[in-house]
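Here are my notes for your first look at this model. Keep the structure open beside you and go through the points in order.

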Amino acid sequence: MDSPDLAELLDLERHGWDSLCESRGGSFYRELMTPDALMVLVNGMVLDRDAIAATLDDAPPWSSYEITDPQLVALGCGSAGLVYRASAHREGEAEPFVALMASVYRMLDGQPRLALYQQTTITH
């Protein structure tokens, strides 16, 4: 089983950010996440797939984002991690949200699926 590559994972992450800009993150991540996936957010919350799907569509949208310094982490057959720096802006907020992101993907039914995601803030 092949592991996802850097270009493929960056594309998925950009689609995720795009969904957050368009207030459809819940539906996007419901499809992308494995059934047992977790997100560890910068505010200390740990959310499972169902909680993410139930809350992200109602989150305030991001108006823009930038992904820089992506690094692929090989994790073995059928799995890979992606680490990058993200900077995102919301209307009405003076300071951007800047954090390091770590996303772990594993192949399920021939498709990369998000199994674990963690944010580490730089600005807070």
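1. A cut-off to start with: a residue is called buried when its relative accessible area is under 20%, exposed when that area is over 50%, and partly exposed in between. Keep in mind as you read that this is a predicted model. Now try the cut-off on Ser87, which sits in strand E4. Ser87 has a relative accessibility of 18%, so it counts as buried. What does Ser87 touch, once residues up to four places away in sequence are not counted? The list is Ser64, Tyr65, Glu66, Pro96, Phe97 and Val98.

2. Next, the sheet. Six strands make it up, and it is open, with mixed pairing. Reading across, the order is E2-E1-E6-E5-E4-E3. Which strands are at the edges? They are E2 (46-48) and E3 (64-74), and each of these pairs on one side only. Going from one strand to the next, the twist averages 20°.

3. Pick out E5 (residues 97-108) and E6 (residues 111-121) and follow them along. The two strands run antiparallel, and ten bridges join them. For one pair to look at, start at Arg106: its bridge partner in E6 is Arg113. In the loop between E5 and E6 you'll find Asp109. Its phi is near 50°, which is a positive value in a residue other than glycine. Is Asp109 buried or exposed? With a relative accessible area of 83%, Asp109 is exposed.

4. Helix H1 (residues 6-21) deserves a slow look. It packs on the sheet and touches E3, E4 (79-89), E5 and E6. The direction of H1 makes about 150° with that of E3. H1 has 16 residues and reaches 22 Å from its first C-alpha to its last, close to the 22 Å expected at 1.5 Å a residue. At the start of the helix, a side-chain oxygen of Asp5 comes to within 3.3 Å of the backbone nitrogen of Ala7.

5. Which residues of H1 are buried? They are Leu9, Leu10, Leu12, Glu13, Gly16, Trp17, Ser19 and Leu20. Here's a general point to hold against that list: an α-helix has 3.6 residues a turn, so residues three or four places apart point the same way. As for what the buried residues of H1 pack against, look for H2, E3, E4, E5 and E6.

6. Just past H1 comes Ser23, in the loop between H1 and H2. Phi of Ser23 is positive, near 55°, and this is a residue other than glycine. Ser23 has a relative accessibility of 29%, so it counts as partly exposed. Carry on along the chain to helix H2 (residues 25-32), which lies across E1 (33-40), E5 and E6. H2 runs at about 125° to E1.

7. Now find Leu56, in the loop between helix H3 (49-55) and E3. Although it is in a loop, Leu56 is buried, because its relative accessible area is 18%. What is it in contact with, leaving aside its neighbours within four places in sequence? Leu56 is in contact with Leu20, Gly25, Gly26 and Tyr29. Look for Arg30 too: it is 26 residues from Leu56 along the chain, and their C-alpha atoms are separated by 9.9 Å.

8. For a contrast, go to Pro35 in strand E1. Pro35 is exposed, since its relative accessible area is 62%. Leaving aside neighbours within four places in sequence, Pro35 is in contact with Arg49 and Leu108. The C-alpha atoms of Pro35 and Ser103 are separated by 15 Å, with the two residues 68 apart along the chain.

9. Last, the cysteines. A disulfide is a covalent bond between the sulfur atoms of two cysteines. How many disulfides are counted here? The count comes to zero, going by a cut-off that asks for a pair of cysteine sulfur atoms within 2.5 Å. You can still check where two cysteines stand on accessibility. Cys21 is partly exposed, with a relative accessible area of 22%, while Cys77 is exposed, at 62%.

How values were computed. Residues numbered from 1 in each chain as written. Predicted model: local features only at pLDDT ≥ 70, side-chain atom pairs only at ≥ 80, totals over all residues. Heavy atoms only, no water. Pairing = 2+ DSSP bridges. Helix = DSSP H or I, 4+ residues; strand = E, 2+ residues; numbered from the N terminus. Axes fitted to C-alpha atoms, helices over the stretch in contact; angles between N-to-C directions. Contact = heavy atoms within 4.5 Å. Buried < 20%, exposed > 50% of the residue type's maximum accessible area, 1.4 Å probe, protein only. Expected span 1.5 Å × (residues − 1). Polar contact = N/O pair within 3.5 Å; in protein donor to acceptor, adjacent residues only side chain to side chain.
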